[in-house]
Amino acid sequence: MRNFKKAVCSVLWVALFFSLLTAAVVFPYYAWGTYPYQDAWVRKDLAGQFDLLVSSASQGLRAIDPRALDEALGCSSYDLGTPLQTMYGRYLFLKEELERNPVDTVILELSYDALSRSYSSGYGLEGSIYQLGRSDRLDLWLDYFCKQVPPSDWAQLLYDTMNRGVRTWRQLLAGELAPSKHYETHGFWPGLEPSPMPGPESYQRDYHTETLATEPQEENMYWLDACLALCREKGVEVVMIATPLSEYMLWSTDGFDAVLRVHQGVSEKWGVPFYDFNLKKDKLERYPEASAYFDQHHLCEASAQDFPFDLAEVLTSDDPDALFYSSYEEAIHERLQALP
Amino acid sequence: MSITSLAFVAFSIALAALYFLVPKRLQWVALLLFSTAFYLLSGPRSWIYLAVTALSAYACARRMGRVSQGQKAYFKTHKELTREEKSALRQKNTRKKRLALAAVLVLNFGILCVFKYAHFAIDQLNYLMGLFGGFRLDNSFSLLAPLGISFYTFQTMGYLIDVYWEKVEPEKNFFKVLLFTSFFPQVTQGPINAYSQLAGQLFQPHSFSWENFAAGGQRMVWGFFKKLALADTLAPCVAAVFENYAQYTGPAVLVGVFFYSVQIYADFSGYMDIMCGLCQVLGIRLEENFLRPYFSKSIAEYWRRWHITLGAWFKNYIYYPIAVSKWNTRLGKWARGRLGKAFAQALPASIALVAVWLVTGVWHGASWAYIAWGGVNGLFIIVSLWLEPLYQWARGKLRVREEAFGWRLFQVARTYLLVCFIKVLPEVGTLSQGLGLWRQAFRSWGPPTYGDLFPYGLAFSSLLMVLLATGLLLFVSLLQRKGPVRAWFGKAPMPLRAFALAVLLVLIVYFGVPASGNGGGFMYAQF
């Protein structure tokens, strides 16, 4: 027994030193370096004042500046989006924020891969790192960690976090750290510069050269239903949206209509509206290919000031359906016809 | 299951827990269960071949044991037998044992040859038939060799030969033979243990010991550090140089060769440290496979200090049987009268060495490059054996003091460079590519910049890590010359030891985890 106690004691010593050393490496990342982690503090500090939440992955995070949304809708909003966020991650954040804010509306962004993405093929470790970095409640942190991060990735997750710590140390020592807390942006992640997308001459040439995964993952569907059920339980109105993608991407990629049908199915099942802004008739005018996008999947920072007003127009419209085409194929061909 | 994964760490913890929780008489059963599980995880079909080896060895050993016992019993009850009658009976029984042994050796080495050398043999046949315009055999089929087939075959056949020589008693329990064959810490890359050394330890009970736990755990961490933080970090650099040596400057190629020598040592000895450490936690001592090999003063000494157990196997089961065989002894006697005493002594040994190095080359890989590699190693050793009288004379004339530090340093440096030269030959691809790499090493010389030396994009932090780890390895090796480093480390205060291990663990995570996919597993697992 004495042998065993000594062994346990020695393991604890090693664990203690390992934890201290790791904490020393990682500390600056959490203290100064990571925007997502600062976000957790900001949300905590500002809790109790939001009546609208945006729940999204990177597309929604880049498309909606809550300050513009507040101006457009006269609300007080916060963007909970996290790059590569899973439906389960969204559920955890929604649960946390619905408990401490008088929320009456949730904008639930559903991008083309929000339901088909899986850990192995899509969000993987990086999504988990953002998610865990943006979670400040230990119970939710553990909940996510145990449910979503497979043991085979634990070491990689630790490495990645340490690597971010080392990078932050370097920035810190070089005096390159930007202000960490962005109270005023309400979750929006600024800084994406526009870059021009390929023009119409590429549309026919690259038509459907890429293919989307269209089959929704069972787990994602489960947690999407959980999000919607949670909102219904709290009496919160939900609006589902898909943010604009570059027109070139809509031409070059096959499968958007299949994804649309899945999203519309969810919309009908729960009786919540779904607006896909890629079907909007004035998409090309509002979001010019030359200046509206950061990359094919994301709007740039300037567009994130415009999109909330577009959203507000749709939400306040008497006949929102009239503003949209009914399918992707129809939308891209009609818009091409309309091009000068 | 990857040895460097968290799954393996969990596997080891589960084994250690079960091993010390079950009744002591069942500890070996726990080892067998875990070994079987470990092996089955690598592919159930592979396990069948391993079981065939164990079963054939068990049956053959039992058969030989019965023959030996029957002979002893017969002699005991028939004391009236004359010397000639006894001799005739012995010969008859030896023939029976030899027949059984030969059958099982052919079976097992046959399986090994099919898996490892079928493609190579068909290639050679096709080449020969092509010279005469003959047909070509299809060589497009794929054969996935069972995990560790070279290692477990050699170890188990060693046991069988020992039974034949009556050095060990045949094991009566098949499952114990199965455990000896499949014991997972050694099945993939050795060490190749003798039955007499390992079996007793596997089957005898062990109590949990703090000393073993601490020393074994420390050794495992050190092994993970060598493998993950050093060998795997270097793997892409070495691969870049070996695959594209013609694009690099001489200094970059030489740095690549140096990195390779560090990588292969850290990789193989790292594995040994992990497995020997795990076994030490369980109270089992595996044979050591390394004894500071890069400090050797000759090629022969290097091979006594690198992959020691393989060398011992070849020495016991190939070198000695040939060196002391009747025909070889007669050849020595014949040479004594014609070529002089020194040559007469060297001739039988040289013949045995040729056989050993031919087999060593073939064992390492099915290619002419490996055969040539074995040949070059053997050539260096045989030539130094034959020229030893000349060296002695020259050293005497030059008044070289054998124990002088400068002379020893020269010998170590010379041997290291020779070892690097030989080691690299088969690793680049073909023999001509290996020689091409060495030609490139002496081209495009000039004042090198960082980019010239490390043109494959080695991050500066990784280079610092490599230099630090290599320096640490060198420092530990130098300390080992003074005494047992692990024992000294074990006497340090617990917080200091824990801190050192924690530093290693942090380095393993930071440098090793991103590099862990680079090596594509352990280098010696391919053999």
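**Group meeting talk: domains, a helix pair and a chain interface**

Hi everyone, let me begin with chain B, where the centres of domain 1 and domain 2, taken over C-alpha atoms, are 32 Å apart. A word on the input: this is a predicted model, where local features need pLDDT of at least 70, side-chain atom pairs count only at pLDDT 80 or more, and totals for chains, interfaces and linings use all residues. Residues are numbered from 1 along each chain as its sequence is written, while chains are lettered from A and ligands numbered from 1 in the order in which they are written.

Chain B splits into domain 1 (6-208), domain 2 (209-286 + 445-527) and domain 3 (294-427), with bounds from an automatic or database domain assignment. Between domain 1 and domain 2 of chain B, 15 residues of the former are in contact with 17 of the latter; contact here means C-beta atoms, placed from the backbone, within 7 Å. On the domain 1 side, α1(B) gives the most, with three residues. Helices, by the way, are DSSP runs (H or I, at least four residues), numbered from the N terminus. That side of domain 1 of chain B has six nonpolar, nine polar and no charged residues. For the classes, Ala, Val, Leu, Ile, Met, Phe, Trp, Tyr, Cys and Pro are nonpolar, Asp, Glu, Lys and Arg are charged, and the others, Gly among them, are polar.

Now a helix pair. How do α13 (326-339) and α14 (341-364) of chain B cross? Their axes come within 7 Å and cross at roughly 150°, so α13(B) is roughly antiparallel to α14(B). Axes are lines fitted to C-alpha atoms over the stretch in contact, with angles from 0 to 180 degrees between N-to-C directions, and over 145 counts as roughly antiparallel. The contact of α13(B) with α14(B) includes eight nonpolar, three polar and two charged residues.

On to the two chains: 19 residues of chain A are in contact with 21 residues of chain B. The largest share of the chain A side, 11 residues, comes from α1(A). By class, the side of chain A that touches chain B has 13 nonpolar, five polar and one charged.

Let me finish with Phe18(A), which lies in helix α1 of chain A. Across the chains, Phe18(A) touches Ala502(B), Leu505(B) and Val506(B), leaving aside residues up to four places away in sequence. Is Phe18(A) buried, exposed or partly exposed? Phe18(A) counts as partly exposed because it has 19 C-beta neighbours inside 10 Å; 20 or more would be buried, and 12 or fewer exposed. Thanks, everyone!

Key. Helices (H or I, at least four residues) and strands (E, at least two) are DSSP runs, numbered from the N terminus. Angles under 35 degrees count as roughly parallel, over 145 as roughly antiparallel, 65 to 115 as roughly perpendicular and the rest as oblique.
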